[in-house]
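Work through the exercises below with the sequence and the 3D view open. Each task is followed by a solution in steps.

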Amino acid sequence: MAHNLPASEIKLYVWPKLWDIPSFDPYSLSAILYLQLAVPGKFSVIECTDPDLSPSGQLPFLVHGQELVASFSSIVKYVANLAKTEGSTYPSGDVDEFLSTAKRSQRNAWLAHVEANLGNLVASALYATQENWEGLTLPGLASLFPLPQRYFVPQKLREAYQPRLEGAGLWAHPPPDEEEKKKTPFEKELRKKPTIDKRKFLLVFQREKFVEKAKPILDIYSRLLAENTFLFGDQISSLDTALASRIILLLNPPYPEPTIKDLLTTSYPNLVAHAQHVQEQVLGSNAPSIKTESHRHSVWSLIPSGIFSRKSPIPKLTLEKTDEERHVDRMRWGFVGLVIGSL
Amino acid sequence: MPVPNPIATLFSYFPLHTFPPITPQAVARDASTPTLWIAPPLSSPTLSVSSEDRVLSSDVECLKWQAYIALRGLKNLKVRWDVAAEGALEGRLPNLHLPKADAAKLNADLNPTEENPKADAEETLGLYAARLIPSWVDLTLGFDSASDALEGYKDVASRDESRAWVALLEGVVHAALLISLPQQVTLAQLLGLGYSSSSPSPSTATSKPSSQTSSTLQTVLSPPPAPLTGFTSLLPSFGTRVSRTSVISQYVEAIASLSERLGTDQWFLGSSQPTPLDALAFAYLHCILVHAKEPVRVEVTKRVNLVAWEWRVRSTVRGAYSL
């Protein structure tokens, strides 16, 4: 059987670019940074707005030949394995090769901490704070999606984060609107007394609460980084990409409500410097450029993926049929024709 | 105007009886020993759970607090599990029920500025939510935790690292435990529409903010799982779409890291005394070993040091409680 396998290039499907950052989603951004370190020039980034294509329902995911890998830590593991199995093609696949087993186990724990806690801060800055949501995130996201989806998908993305952020105490509930209702139509409107603006107080209180929650987390990373260039000494690791991607997402976007951004720039200069260093090294002018394409929108994405089987991102293998198979096919069609003809 | 006579005679055929009020029975509200209200331990007779283990709860949160109290050296506590979660303070178990004398001392400690204790001290129920358990333990042992900035760990780096391990345990390990627990059979389950947890699903955006959150997969997994109907489809969000293989593979790596970090130490992170991280790790390991189904359970049984550590801590924790 002759196989015509397509040349397998690593394809990374991520959320698209916004605000001059390669991806607005921290997981996608850390995956891009990691691949740029591990397999520079040998992968392409596909900007996709349809997370339902992925096996786990979330972006980013990686396609390599027939392999589909979702979630950042699985992608890191897969690419590290590539360095072992196809070492000639992907020599630097395992960025964390220099770490000992003990350090690797610590790296896993820290990665969980970064994704959970710092990820909550990023999500609260993007989705939870009402000003940021209405002023920055919603218009940005809506510009990415095609027509019917731009009206409901951003809200769905925001709702997905809500239980998590509420549990962490980082969800900003909008202050109740104060309506002055007249009890009867005959009541005259009272002259408005200069009342204290309750909404402003609530907003300030929420901001203070966020800062209180953010400080211990950022303190921990500040202590972990200390005076080193990277978290594990002088060499960059996957944990650095995860941390830097989230700090970049807290710094770079033009937030209308910049509480956490200001906190970072004033009190945590080493974290800011670390993020800039990683960005410089990975995406700077010396680094090879990343091939980017965008995924075609499909109307079929409006239908939930479980009901009808949609096009999978994996290309189907085209196998040339042998003579025997062609003979069997001809006989099969002949039999079917005979059955229908005899009815 | 008085009632007219014919109507009065009609009403006299339907006299009104008034019965005396029923006073509630004097229920013994005082506990004689400190009691912990927990979620029930697994009561299935088919499982080979020895009778001593029946004081250990099947819920991770309750077991974590049980382990915390026992590992700090307290003994002779009782447990009860006939109270449902909705009946507990803040809607969550565990709760701590103290005898009057201890309750008075704890109240005095928590509210030092109150000079006149409430006159109805007789009526107050000495019931406290889980977050007040450390204060009570400190008071009983005469030890002030707030003065120890390192919280029992070796150094500041270990204390920071403990946060990372807590995040790992409460993230991937908790998710793997949730998807591998024996599920209550519901119609949604049979249709393959997603995993349910024993507690109700989290409130929607329109209801009031609730301080208690049930730990469903939506709060535990990062990134939050996609809805079953998909993000881009026209149907409203419903259910959670969880990739079992992805969660299990991350969980395998997490357990490998946990086992590696424990090594041959007596307590996690090389501490000389048990710490809250040990209580949390014990809670998860015990629930996985006793309650979880095969692919999740077998990962822990492969690591001999984790199994041995859990066994050793189990005997300490068990010894502190009685029925």
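The exercises that follow concern a predicted model and deal with charged side chains.

**Exercise 1. Overview of chain A**

Task: State how many helices and strands chain A has, and what share of its residues counts as buried.

Solution:
- Step 1. Chain A contains ten helices and seven strands.
- Step 2. Chain A has 343 residues, and 49% of them count as buried.
- Step 3. For contacts in chain A between residues at least 6 apart in sequence, 73% link residues at least 24 apart.

**Exercise 2. A lysine without a salt bridge**

Task: Locate Lys156(A) and find which backbone oxygens its side chain reaches.

Solution:
- Step 1. Lys156(A) sits in helix H5 of chain A, which spans residues 153-168.
- Step 2. Lys156(A) is buried and has no salt bridge. Its nearest side chain of opposite charge is that of Asp52(A), 7.3 Å away, while a salt bridge requires the nitrogen and the carboxyl oxygen to be within 4 Å.
- Step 3. The Lys156(A) side chain reaches two backbone oxygens of chain B: that of Ser233(B) at 2.9 Å and that of Gly230(B) at 3.3 Å.
- Step 4. Residues touched by Lys156(A) include Phe231(B), Leu235(B), Pro236(B) and Ser237(B).

**Exercise 3. A salt bridge between chains**

Task: Find the salt-bridge partner of Arg107(A) in chain B, and decide whether each of the two residues is buried, partly exposed or exposed.

Solution:
- Step 1. Arg107(A) forms a salt bridge with Glu253(B), with an N to O distance of 3.7 Å.
- Step 2. The pair crosses between chains, from helix H3 of chain A (residues 101-128) to helix H8 of chain B (residues 244-262).
- Step 3. Arg107(A) has a relative accessible area of 8%, so it is buried. Glu253(B) is at 22% and therefore counts as partly exposed.
- Step 4. Through salt bridges with shared partners, Arg107(A) and Glu253(B) belong to one network with Lys77(A) and Asp96(A).

**Exercise 4. Two salt bridges within chain B**

Task: Describe the pairs Glu90(B)–Arg131(B) and Arg303(B)–Glu299(B) by distance and exposure.

Solution:
- Step 1. In the salt bridge of Glu90(B) and Arg131(B), the closest N and O atoms are 2.8 Å apart.
- Step 2. Glu90(B) lies in the loop between strands E2 and E3, and Arg131(B) in the loop between strand E4 and helix H4, so the pair ties together parts 41 residues apart in sequence.
- Step 3. Glu90(B) is partly exposed at 40% relative accessible area, and Arg131(B) is exposed at 56%.
- Step 4. Arg303(B) and Glu299(B) also form a salt bridge, at 3.5 Å between the closest N and O atoms. Arg303(B) is partly exposed at 22%, whereas Glu299(B) is buried at 7%.

Terms used. Residues numbered from 1 in each chain as written. Chains lettered and ligands numbered in written order. Predicted model: local features only at pLDDT ≥ 70, side-chain atom pairs only at ≥ 80, totals over all residues. Heavy atoms only, no water. Helix = DSSP H or I, 4+ residues; strand = E, 2+ residues; numbered from the N terminus. Buried < 20%, exposed > 50% of the residue type's maximum accessible area, 1.4 Å probe, protein only. Contact = heavy atoms within 4.5 Å. Lys, Arg positive; Asp, Glu negative; His and termini not counted. Polar contact = N/O pair within 3.5 Å; in protein donor to acceptor, adjacent residues only side chain to side chain. Lists of a residue's contacts leave out its neighbours within four places in sequence.
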